Protein chains: 4
Amino acid sequence: MQLGMIGLGRMGANIVRRVVEDGHTAVGYERRSAHIDELRAELGDGFRGSTDLTEFVGMLETPRVVWVMIPAGATGAVIEQVAELLEPGDIVIDGGNSRYHEDLERAAKLRPKGIHYVDIGTSGGVFGRTRGFCLMIGGESEPVKHLDPLLKSIAPGVGAAERTPGRTGEPSTAELGYLHCGPVGAGHFVKMVHNGIEYGAMAAYAEGLNVLRRANYGAEHSGEFSAEETPLEHPEYYQYDLDVPEITEVWRRGSVVASWLLDLTAAALHADPNLDSYSGRVSDSGEGRWTIDAAIDTGVPVPVLSSALFARFSSRGEALYADKVLSAMRKAFGGHLELPGE
Amino acid sequence: MQLGMIGLGRMGANIVRRVVEDGHTAVGYERRSAHIDELRAELGDGFRGSTDLTEFVGMLETPRVVWVMIPAGATGAVIEQVAELLEPGDIVIDGGNSRYHEDLERAAKLRPKGIHYVDIGTSGGVFGRTRGFCLMIGGESEPVKHLDPLLKSIAPGVGAAERTPGRTGEPSTAELGYLHCGPVGAGHFVKMVHNGIEYGAMAAYAEGLNVLRRANYGAEHSGEFSAEETPLEHPEYYQYDLDVPEITEVWRRGSVVASWLLDLTAAALHADPNLDSYSGRVSDSGEGRWTIDAAIDTGVPVPVLSSALFARFSSRGEALYADKVLSAMRKAFGGHLELPGE
Amino acid sequence: MQLGMIGLGRMGANIVRRVVEDGHTAVGYERRSAHIDELRAELGDGFRGSTDLTEFVGMLETPRVVWVMIPAGATGAVIEQVAELLEPGDIVIDGGNSRYHEDLERAAKLRPKGIHYVDIGTSGGVFGRTRGFCLMIGGESEPVKHLDPLLKSIAPGVGAAERTPGRTGEPSTAELGYLHCGPVGAGHFVKMVHNGIEYGAMAAYAEGLNVLRRANYGAEHSGEFSAEETPLEHPEYYQYDLDVPEITEVWRRGSVVASWLLDLTAAALHADPNLDSYSGRVSDSGEGRWTIDAAIDTGVPVPVLSSALFARFSSRGEALYADKVLSAMRKAFGGHLELPGE
Amino acid sequence: MQLGMIGLGRMGANIVRRVVEDGHTAVGYERRSAHIDELRAELGDGFRGSTDLTEFVGMLETPRVVWVMIPAGATGAVIEQVAELLEPGDIVIDGGNSRYHEDLERAAKLRPKGIHYVDIGTSGGVFGRTRGFCLMIGGESEPVKHLDPLLKSIAPGVGAAERTPGRTGEPSTAELGYLHCGPVGAGHFVKMVHNGIEYGAMAAYAEGLNVLRRANYGAEHSGEFSAEETPLEHPEYYQYDLDVPEITEVWRRGSVVASWLLDLTAAALHADPNLDSYSGRVSDSGEGRWTIDAAIDTGVPVPVLSSALFARFSSRGEALYADKVLSAMRKAFGGHLELPGE
């Protein structure tokens, strides 16, 4: 089967690689010809590419499968552009990080032209090349079914994890690593929540490690506490100079918190034990926010997911004004002065 | 009636003033003689003082009433010292910010000597002098009853607020601004929770004002968003250059959020509209922490009070390590780089 | 000056009363004629009303001032209806609880007709009649200026609170209790954040009182703790049978947490000391949600305000599914069984 | 090498099994003789047991290794009892869920007798038998070193996970699944934080799945919203009837949130797709609480871990009083009535 890929950045190229290596062919569109040449050299005849969109579309077999894998901000415009060149029965896939609201709008625009729209939330990051990508899919049944051979090649496959107890026989696609979640938008909706969970789980580890880092506070805080500090009641309880990188490593085997995120954390701490190469300004890319928006719209309590998001905002200095308000209040009612910076 | 006061700092001196001005007498102990002289000059014959603890105790009528009003860290030692000089039937009051656990220990030590221990949580800060102090009292009934004339003078009195609908007849002491909350420790327990609430309410205002400050984000954030930023979907919704000081002022009258804390905030913002005199490093003095500890011990959910406490920790840079862990994870799974600092 | 009021429910009627009693006149539109008759009987010649919208508009002097004070869901349609009957220069006010996004849309629709749109966030609830309403106003300068005499009558006036230290001379309108916050939508934006703060402050009190309620846990929890419970390490610390209604009363005078919300809480607890008349299903009416949405859009951390919102969701049973997921996980990894319900 | 085990419940028996199957011998003490007989039948000569503590101690080679694996509440008493029978140079291990404070006390009591105390936080739950146990160890270097052969047999071994990139050569013990974290108490400290993280990560999944469950809210909520409800602005965005069990399954392969907890969740949802067998009353067993206590003592912000803990408290009805306070306030200022229960 043939895959058309718009955007041969890291993600797009890796998807192409998995598809071609599994026996399919792929056609790529990308403005940077070097990216095309590189893939061509690597994949041989299974791959062809063009820097011209019309030419690219012309190289595709019908019904065309056009997977758009470019930054979310540019996706809408490119889909409109390529749709001009497509025919009824063709399938456009948005595999990027669009908000699912946009899927609904885009699908509605393409529908009158007979073009099918499929949204695929794609997880796996830089490791997807070898690990396979987890695919969360939204769209009509027929086009999604049509894509099945490609999806199977892109996803990790059942061997990537032990089978869930109780699941026997032919594995479901979910066990292979891809799932048709529902109508248009469902793929990005599920991917959005996936990222919301990711934020929460990441923060759980980060907070816990921060507690470990402070386990030696009783030994480190020699001398007096000022009137504006809370004295440590039991310094004898905080006399542990812990090796955080080794602790993340030991948790990787046998513990309840073993996870892929922990694997990555252990690797990062092994490479940079004090995390000196980081400033601690943590970005967020939208999905975490949208998850909270969805929760608020539907009345679902998400105190953990939102706390994780807000910690990122605060890491970027966005709590500063609120903190100044607090200091101003404290000075006003109690004459309290701020402590000097450390 | 006579009050003995150990510690003539701002709080102790103001309590002495209220008592003497209301027709009682007071005796003060303070190492800094200037404080004594000043009060003597101000209050005349109603007040005497000494820099010698034994002399101070000798100046007191029995049963002696000794109110200790010094920093929490020093209170325990001073109480032990003065207790050596007291007699059965005397009353020791801890009016400072002790943790209520300590009240239980101290009362147990004084009990065999026949000395009564009373803990009084005192709220009102620098305004207590004129506004009166809110007093939350723990101890046995008899000694607390004995103190009633003094407490009445220190507390604000019923006129400080409109009477609560449904309350008629002789005002209860709660309506006068003081309350015998329960046995030893109850006063500091209630004061502790009072401060826990204070943290939460302060944070509610601070966060809200921070949202107001950002209401012009659509206008301020000109230009592009980077791939590591979430674009503002509707810049047209954030085009308000709000006058935060005036907004806090308007809320003072008729709104649901009118409060004494808001009064102080409006005053602070009037004096320093951009809060330039603050760095935003917010201290916490123990009670907020102990409130969470108590909630955890007894299984009470306090997400708001704890969020307020943790925001103070974060304001002092204590989230930095956790933030670095997050950045390290993001780099590991997605190749994401941190944004440069602003 | 003359005020036209659409909707003579509690809020609308009380605004009319304040305006007429202050020497202005008012014309009301309301489908329920009894409401009109009642106000007429009460206010005399200063008030006239109609159950017919066209007649109502005909009774207004130009430039007409039409204040719409009806449930948020119906406001849009009524404004469209009445706008058909208005002329250039007339002013439409939305004084209800609309989301400020809608203000922008409505103003844009009215602008071509030369009709001015003003949004007024109105706080004060059932007490506004006597206490005055706090008014947060958005719109163009000219029409807002035109409304000044009416706003002054509706707002509480400077006497409703002590003047903020440092404010002298002629009081600003903020000191009178109303404020022109900015262009269209600014009034509802500020009111939205006001309510967000309100949620946070309310939760701070509620959580604190819940800690007080549990202060007797050591005495109440007689007997053993099961393997699925965390034993209370220090039962001796939780032996206080506190009188929560009296505590809220004592805090009203002199304490840092004195506020109007506390006044109301003390009154509610005086009337129903165990709150037996409440089920604890807490509604939320939108503004709290929208505040979080705005914070998320603009990257402002609001952990306290969001925790307050999510606690309301949870109070309505919306965490149940998440809780079941937790129990299922615990059973899976540890064989833990749920405790029986109490 | 020989292991003495006090307590042959699930955890103790499984540790014995791993040790004996790996070529060591074990001696068990257990009051329930059936447990001893069962293990004897299963393990043959490698295992002997006694229902008499003195006899048990007599069966041990010196220096004796006595691992205590019984409920945390009983551990202290049993350690005191057995210590009476031990000699200098013997090693007592607390492998249960004690708070690390107790380790410090117990070690101090045993030290004068020349008995070594080692605390081992043990993670792995019911799966540890086959998966191996993750061991976090506190104590002096010599006794911990002495235990090495046993620890190696109990832990999962390096093959249980891919090696962390950059780690080469002889695996560290952390890579084998056990780690000497520091002096006495360090093992239980690290295990405590492990569980704190566990609570946070569990809540992240639970909240996210709850958002998925509600993705069909627009379709489900037919009809009107009452004045006390926030209307759903965009019902068209919530029209997804998602298959939550299949979604947890698809995330197991290739996604960023793949983890052992997710494996368990997928299994639980496969077995009981609607979680009908759970009531949603979620217990907590201490470590999560103690993690927050430690964070508060040392000034570390843990908004996510604490939110997770408080959600468990709320799941058991502990927010009810706070919720009633909120409803009482809402009625007081706005005349709002509670919605009827669903």
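In which sense do strand β2 and β3(B) of chain B pair, and over how many bridges? Select residues 25-29 of chain B, which are β2, and bring up β3(B) with them: the two run parallel, joined over four bridges. A26(B) is a good place to zoom in, as it stands opposite F47(B) in β3(B).

Before going on, some housekeeping. You're looking at a predicted model, where local features need pLDDT of at least 70, side-chain atom pairs count only at pLDDT 80 or more, and totals for chains, interfaces and linings use all residues. Residues are numbered from 1 along each chain as its sequence is written, chains are lettered from A and ligands numbered from 1 in the order in which they are written, and side-chain values use heavy atoms, with hydrogens and water left out.

**The sheet in chain B**

Now show the whole sheet: eight strands, open, with mixed pairing, in the order β3-β2-β1-β4-β5-β6-β7-β8. (Strands are DSSP E runs of at least two residues, helices H or I runs of at least four, numbered from the N terminus; two strands pair if DSSP finds at least two bridges between them.) At the edges sit β3 (47-50) and β8 (178-182) of chain B, each pairing on one side only. From one strand to the next, the twist averages 25°.

Add helix α10 of chain B, residues 186-213, which packs on the sheet and touches β5, β6, β7 and β8. Contact here means heavy atoms within 4.5 Å. The direction of this helix makes about 15° with that of β6(B); axes are lines fitted to C-alpha atoms, for helices over the stretch in contact, with angles from 0 to 180 degrees between N-to-C directions.

**Chain D against chain A**

Next, select chains D and A. Their contact takes 92 residues from chain D and 91 residues from chain A. About 7700 Å² is buried between them, counted as accessible area (1.4 Å probe) lost on being put together, summed over both parts. Y240(D), R253(D) and V256(D) supply 11% of what chain D buries here, more than any other three residues.

Four salt bridges link this pair of chains (Lys or Arg side-chain nitrogen within 4 Å of an Asp or Glu carboxyl oxygen). Go to R167(A) and E249(D) for one, at 3.2 Å, N to O.

**Chain D against chain C**

Swap chain A for chain C: 66 residues of chain D are in contact with 66 residues of chain C. The buried area is about 5900 Å², and the salt bridges number six. R213(C) and E318(D) form one of them, at 3.5 Å, N to O.

Technical notes: Buried area is the accessible area (1.4 Å probe) that two parts lose on being put together, summed over both.
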